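The following exercises are meant to be worked through with the coordinates open. Try each task before reading its solution.

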Amino acid sequence: MARRPLIAGNWKMHGHKSDSFDLVAGLLAKRGNGPFKADLLLCPPATLLDRVGQQIAGSDIWLGAQDCHSAVSGAFTGDIAASMIKDMGASHVIVGHSERRSQHFETDAMVRAKAEAALAAGLSVIVCVGESAEQRAAGQALSVVTAQLKQSLPPGAQSSRVVIAYEPVWAIGSGQTPTLAEVAEVHLALRRLLASEEGAEAAQFRLLYGGSVTPANAVQLLALAEVDGALVGGASLKPESFWAIALASPDITV
Ligand code: PGA
C-alpha cells in the first residue's frame, strides 16, 4: 500500500515576521498550483503560526507547531495548549523532538500525554524518536527507538492522524546521517513494532526520517521502502533547499 510522502519543515527557534514572509512566499512560488507528489507541512515558531497560516491559506501546504502542553489549559506560564495551536489554523504538532526530550527533560510518558492532548484537540501529531550517539555505538539503536515509540505512541493511534519521525539525535544539525542501511533497519523495526501494536493499520503509518536531510541526500533517503518523507530542520529555512527536498520525493500514485 503506497503511502503519500510528507515533507515537514521544522524551523525550530528561527524566523521573524520579515524573513518568514520571504521564505513562505518563495516556497509558494515554487509550489505553484496543481497536484504535487508529496504533502508539505511548515512548523514555524509559535509566534509565527498566525502569520504563516494566513500566508499559506488557499494553498495545500499544512501548518504545524513544534510542541504543545499536555493540559487543556491552566497555570503553565509560557506553555501553549493544543487547542490554541488548533485555534491558529494549524493541523499538526510535533511532539517528543529530541531537543524537547533532552533540553526540557521530556519523558516518553510526557510525550504520549502531549500526543493524546493534541489528538483530543483535533490536531495530527508527529511523534519523534531517536537514539543518541552513545546508544548507537553500544548497539542499542533499535531497542532504544522501539522502546521510545512503544511508550510515546498514544493508545489507539490512527495512521491518518499520527506520523512517526525517526531522528537520530547525533544526526540532527550535525551534517552526519546514518547509512541508508541503518535508516532502513530502524524504519523496518518501527514498522514491525507498529504491526504488533496496531495490526493491519501498521502499513498505513507514515514514517519520516529526520536529521541533516539536504537536497544532496534526500533522493536516496526518500527512496528507501519504509521512509515516507522527511522532517527537515536547517534545510527548511530556505525555500530552495526545502523545495529541492520535496522534489526528491518518489513518485507514488496514491
Ligand atoms: P536538521 O534538523 O535537519 O537541521 O538536522 C532536523 C530536526 O531536528 O527535525
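For the shell around the ligand, Ala, Val, Leu, Ile, Met, Phe, Trp, Tyr, Cys and Pro count as nonpolar, Asp, Glu, Lys and Arg as charged, and the others, Gly among them, as polar. The model is a predicted one.

**Exercise 1.** Determine how many residues of each class make up the shell around the ligand, and which residues come nearest.

Solution. Sorting the shell by class gives four nonpolar, seven polar and two charged residues. Of these 13 residues around the ligand, the nearest are Lys12, His97, Glu167, Gly173 and Ser212. Next, examine the polar atoms: a side-chain N or O atom of His97 is 2.6 Å from an oxygen atom of the ligand, while for the side chain of Glu167 the corresponding distance is 2.7 Å. Gly173 contributes a backbone N or O atom, 2.6 Å from a ligand oxygen. Finally, of the 280 Å² of accessible area that the ligand has on its own, the protein covers 95%.

**Exercise 2.** Classify the geometry of the ring pair Phe36 and Trp243, and locate both residues in the fold.

Solution. The structure holds two aromatic pairs. In the pair of Phe36 and Trp243, the ring centres are 4.7 Å apart and the planes meet at 25 degrees, so the pair is stacked. Phe36 belongs to the loop between α1 (17–31) and β2 (39–43), whereas Trp243 sits in helix α10 (residues 239–247), so the pair ties together parts that are 207 residues apart in sequence. As for burial, Phe36 has 15% relative accessibility and therefore counts as buried, and Trp243, at 11%, also counts as buried.

Technical notes:
Residues are numbered from 1 along each chain as its sequence is written. This is a predicted model: local features need pLDDT of at least 70, side-chain atom pairs count only at pLDDT 80 or more; totals for chains, interfaces and linings use all residues. Side-chain values use heavy atoms; hydrogens and water are left out. Rings of Phe, Tyr and Trp (its six-membered ring) pair if their centres lie within 6.5 Å; planes under 30 degrees apart count as stacked, over 60 as edge-to-face and the rest as tilted. Helices (H or I, at least four residues) and strands (E, at least two) are DSSP runs, numbered from the N terminus. Buried means under 20% relative accessible area, exposed over 50%, partly exposed in between (1.4 Å probe, protein chains only). A residue is near a molecule or strand if one of its heavy atoms lies within 4 Å of it. A polar contact is a pair of N or O atoms within 3.5 Å; within protein, one must be able to donate a hydrogen and the other to accept it, and residues adjacent in sequence count only if both atoms are side-chain atoms. Accessible areas come from the Shrake-Rupley method with a 1.4 Å probe; for residues, only the protein chains shown count as cover.
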